[in-house]
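User: Please take a close look at the aromatic pairs in this model. I would like the ring geometry, the place of each partner in the chain and how far each one is exposed.

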Amino acid sequence: MSTNINPDTFSNLVVTEAMDTTAPQVPAGDHPMYIKSQKLRQQGEYWLMDLMCVATSQEAITETGKDEPTVRGSIFIDFTAEGALDFGRGKNVQLGKLRDAVNQNQKGKPWSPGMLVGASFIGRVSHRIDKNDNPQAEIKGYARA
C-alpha cells in the first residue's frame, strides 16, 4: 500500500475528529491462539521469556478490529549457576505448563525454545492496568487446544 504523504505539510494538517486514547484489547477469557514469537530478556536479576501470541477467536478479531490480535505473555525462567535450564523441583513450572499445553513436554524428546513459535494452545487472557493507566491484555494461563 502506497500513500502519498508530504512530511513538510504535516504540521499544518487540520482534523476535526477525536482519536482513541486506548487500544481495544482481546477480551478476557479463554481463546485459541498460537505463538508468533518468543524472546528471552533480563530484568534485574531475573530472566523472562516474552511470548507474542495471536488470538484466533472470532470474538478477539471482532473486538480488536485486527486480523491478528496479539496478546503478550511473560514467563520467568530459572537457570542453573552454569547457565542451563533448571529442571529442579519447582523450577520452570510456568515453562513446563506452556510446553505441556503445546504438547512439547516429553521426557527424552529433544526440545528448544524456538520450537514454540507456531505452536497452538488455549490462552487464558486477563486484563490489567499498566503504569500509564492503559488496559493491557496478558496471558495468565496455558491449556491444550
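Analyst: The following goes through two aromatic pairs, one after the other. The model is predicted, with local features requiring pLDDT of at least 70 and side-chain atom pairs counted only at pLDDT 80 or more, while totals for chains, interfaces and linings use all residues. Residues are numbered from 1 along each chain as its sequence is written, and side-chain values use heavy atoms, leaving out hydrogens and water.

The whole structure holds three aromatic pairs (rings of Phe, Tyr and Trp, the last by its six-membered ring, with centres within 6.5 Å; planes under 30 degrees apart are stacked, over 60 edge-to-face, the rest tilted). One of them joins Y46 and F76: the ring centres are 5.9 Å apart and the planes stand at 80 degrees, so this pair is edge-to-face. Y46 belongs to strand β2 and F76 to strand β3, 30 residues apart, and the pair thus links distant parts of the chain (strands are DSSP runs of E, at least two residues; helices are runs of H or I, at least four; both are numbered from the N terminus). Y46 is partly exposed, at 49% relative accessible area, and F76 is partly exposed at 45% (buried is under 20%, exposed over 50%, partly exposed in between, with a 1.4 Å probe and protein chains only).

W47 and F79 make another edge-to-face pair, with 6.1 Å centre to centre and 80 degrees between the planes. W47 is in strand β2, whereas F79 sits in the loop between β3 and α2, so parts 32 residues apart in sequence are tied together. W47 is partly exposed, with a relative accessible area of 33%; F79, at 30%, is also partly exposed.
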